[in-house]
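User: I would like to learn how to read the features of a structure that is new to me. Could you take me through them one at a time, giving the idea before the case?

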Amino acid sequence: MIRLSNIKIPLSYNDDALVKAAAKQLRVDKSAVKTASLYRRSIDARKKDNIFFLCTLDVELNTNEDKLLRKAKNAAKVAPYSYSAPKWSEGARPLVVGMGPAGLFAALILAQSGANPIVIERGRDVDRRTDDVESFWKSGQLSEISNVQFGEGGAGAFSDGKLTTGTKDHRQRKVLEEFVRHGAPEEILYNAKPHIGTDKLKPTVKHLREEIIRLGGSVLFETKLTGFTVKDGAICAAEIERDGKTELLETDNIILAIGHSARDTLEMLEEKKLPIEAKPFSVGARIEHLREKIDKAQYGSFANHKNLGAATYKLSTRLKNGRGVYTFCMCPGGTVVNASSESGMLCTNGMSEFARNEINSNSALLVGVAPDDYGSDKPLAGMEFQRRLEKAAFDLGGKSYRAPAQRLCDFVANRKTTAFGEVSPSIKPGFTACDLNELLPDFISSSMKEGVAAMGKILNGFDDGDAVLTGIEARSSSPVRIMRSPETLESVGVRGLYPCGEGAGYAGGIISAAVDGIKCAEMILLKNQKLTMIGSCLT
């Protein structure tokens with residue numbers, strides 16, 4: 001197979017157009033091309049009057065590939081991607097804590113290797129969780145067990161299912177292929193900015209769970225890790241709580257994929273003196289614009305083209321004060337969602353379905369914060385900083401899970417919003433017009449104002465006064481890092497304990513978290529393989 005890069009393809013194309021483009025690049029007759037398929041597709045919108053797809057194609061030929069490779073530009077011979085992991089021999093079943101992307105893919109790899117993992121999730125299965133979340137958004141009655149943060153699929157199940165990542169790890173292809181195999185759209189395999197959408201991600205997650213069980217794994221919902229037992233510096237059992245009862249599970253390996261919001265679990269780990277450090281994260285608000293205006297700003301006269309869909313953006317700037325301001329988790333054609341998980345506290349996130357056809361587009365508008373900002377040098381100081389802000393957001397919104405919201409022009413002018421313009425806040429169960437300057441620390445609000453002005457020079461209309469800010473966005477990433485060995489991925493304090501994914505401070509999105517879960521699973525399998533070999537030698 002030959003891989004051709006930097007191929008320009010018009011927005012309206014078919015399979016025949018791909019074959020023709022490959023033949024042209026290779027300087028052969030079209031009949032010499034057996035197949036041409038997309039490996040990667042991105043949108044080149046630098047010139048608004050000439051927008052096209054820039055593609056990488058995988059091509060099979062009916063003729064000698066090696067001979068053509070010597071002539072072709074931007075071409076290389078490649079083999080189809082394949083993944084393999086060590087096989088499990090024998091031993092106590094590994095325990096995976098959490099069913100976000102890190103936990104799901106750790107469990108999947110362990111199950112595919114014959115390890116029969118036990119997976120526990122403090123929340124509910126994705127179907128019951130969906131009912132709970134929709135009930136909360138309708139009634140304002142929060143469940144601390146089952147919400148946007150806790151439950152099968154993790155926080156990403158109620159976002160956009162964005163799979164964009166900066167990681168170059170080859171395992172990301174394994175993640176994409178498993179998603180497709182279990183129901184995700186095939187286009188995520190080649191789109192440069194792939195997304196599944198909340199509506200399609202939820203059944204995909206369910207099918208992944210069913211595969212884990214089919215392969216011999218066990219899944220326990222509404223089950224929380226409350227402790228663990230260590231012998232000679234290594235894990236020997238996990239303490240779990242379910243149905244109001246505590247029990248011990250014998251295991252030599254625990255993958256700790258708890259996500260960024262399991263605050264009580266972090267407190268338990270600190271009590272056990274597990275090495276944890278505060279780390280930087282980001283704080284801000286959700287910013288909403290009319291989708292059609294973002295589409296127009298990005299695509300000009302090509303806006304609304306059926307093959308482009310809703311436009312995305314990714315903006316960042318570095319301020320004179322040294323802080324970074326950036327957009328994150330952009331949800332085109334989506335809604336802002338109430339992502340609260342603790343009573344008396346309020347936080348936001350963004351969500352889009354696969355069609356991305358809601359009236360607004362939104363993203364997080366964030367300012368970087370660091371341990372020096374937290375007011376304490378304790379390991380969980382960043383988490384307490386989050387809690388203070390989320391409590392203040394809950395109070396400012398009226399203490400009823402109505403989110404505080406404000407027009408951008410009012411935010412910049414330090415005045416309370418009394419009426420909204422062309423953009424209406426999309427968050428449920430509702431919002432309260434207010435002044436977010438009363439909520440945000442001055443160093444954050446002033447940085448956001450300066451950042452928006454700079455971003456408006458990059459993306460036309462981003463600083464439009466009718467844009468809406470909804471707060472608070474404080475869970476863009478984990479405020480802690482659970483220290484682990486870079487060689488074994490085990491906790492530096494306890495052997496057999498594998499801090500994993502975004503919640504442990506080692507990932508920043510669905511793909512990177514899933515990849516980290518796979519890596520931790522591989523480490524357990526490799527360790528098992530070595531122990532089996534040693535045992536064989538001794539006998």
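User: How many of the residues in strand β18 are buried?

Analyst: Keep in mind that this is a predicted model, so the reading applies to the model as shown. A residue counts as buried when its relative accessible area is under 20%. In strand β18, which covers residues 360-369, 9 of the 10 residues are buried, so that the strand is mostly covered.

User: Which strands pair with β18, and in what sense do they run?

Analyst: Pairing is read from the bridges between two strands. Strand β13 runs antiparallel to β18 and is joined to it by 10 bridges, and one position to look at is E288, whose bridge partner in β18 is N362. Strand β15, residues 324-331, also pairs with β18 in the antiparallel sense, here over 5 bridges, and in that pairing Y326 stands opposite L366 of β18.

User: How many aromatic pairs does the structure hold, and how should I read one of them?

Analyst: Two things are read for each pair, the distance between the ring centres and the angle between the planes, and an angle over 60 degrees counts as edge-to-face. The structure holds 11 aromatic pairs. One of them is formed by F281 and F385, with 6.4 Å from centre to centre and 70° between the planes, which is an edge-to-face arrangement. Because F281 lies in strand β13 (residues 281-290) and F385 in helix α9 (residues 381-396), this pair ties together parts that are 104 residues apart in sequence. Both F281 and F385 are buried.

The pair of Y326 and F328 is edge-to-face as well, because the ring centres are 6.4 Å apart and the planes stand at 80°. Here Y326 is partly exposed, with a relative accessible area of 26%, and F328 is likewise partly exposed, at 30%. Rings can also gather in a cluster, as F136, F394 and Y401 do.

User: Which charged residues lie over a ring?

Analyst: For this feature, one looks at where the charged end of a side chain lies with respect to the face of a ring. R41 lies over the face of F53, at 4.5 Å from the ring centre. In another case, the charged end of K200 sits over the ring of F354, 5.2 Å from the centre of that ring.

User: What is L249 in contact with, beyond its neighbours in sequence?

Analyst: The idea is to set aside the nearby positions in sequence and to ask what remains. L249 is found in strand β10, residues 245-250, and its relative accessible area of 16% means that it counts as buried. Once the neighbours within four places in sequence are left aside, L249 is in contact with L95, I118, C236, A237, A238 and I240. Of these, A237 is 12 residues away from L249 in sequence, while the two C-alpha atoms are 5.4 Å apart in space.

User: Where are the cis peptide bonds, and which residues have a positive phi?

Analyst: As a general guide, most peptide bonds are trans, and most residues other than glycine have a negative phi. In this model, the peptide bond from K428 to P429 is cis, with omega near 10°, and P429 is found in the loop between α10 and β20. Another cis peptide bond joins G471 and I472, with omega at about 5°, and I472 has its place in strand β21, residues 468-473.

As for phi, N74 is not a glycine, yet its phi is positive, at about 55°. N74 is placed in the loop between α2 and β4 and counts as partly exposed at 43% relative accessibility. L489, again not a glycine, has a positive phi of about 65°; it lies in the loop between β22 and β23 and counts as buried at 9% relative accessibility.

User: What can be said about the chain as a whole?

Analyst: Overall numbers give a frame for the local features. The chain has 12 helices and 23 strands, and 56% of its 539 residues count as buried. A compact globule with 539 residues would have a radius of gyration near 24 Å, and the 24 Å of the chain agrees with this. Along its principal axes, the C-alpha trace spans about 75 × 70 × 45 Å. Among the contacts with a separation of 6 or more, 72% are made by residues 24 or more positions apart.

Definitions and conventions:
Residues numbered from 1 in each chain as written. Heavy atoms only, no water. Phe/Tyr/Trp six-rings, centres within 6.5 Å; stacked < 30°, edge-to-face > 60°. Helix = DSSP H or I, 4+ residues; strand = E, 2+ residues; numbered from the N terminus. Buried < 20%, exposed > 50% of the residue type's maximum accessible area, 1.4 Å probe, protein only. Lys NZ or Arg CZ within 6 Å of the ring centre and 35° of its normal. Pairing = 2+ DSSP bridges. Rg over C-alpha atoms; globule rule 2.2 N^0.38 Å. Contact = heavy atoms within 4.5 Å.
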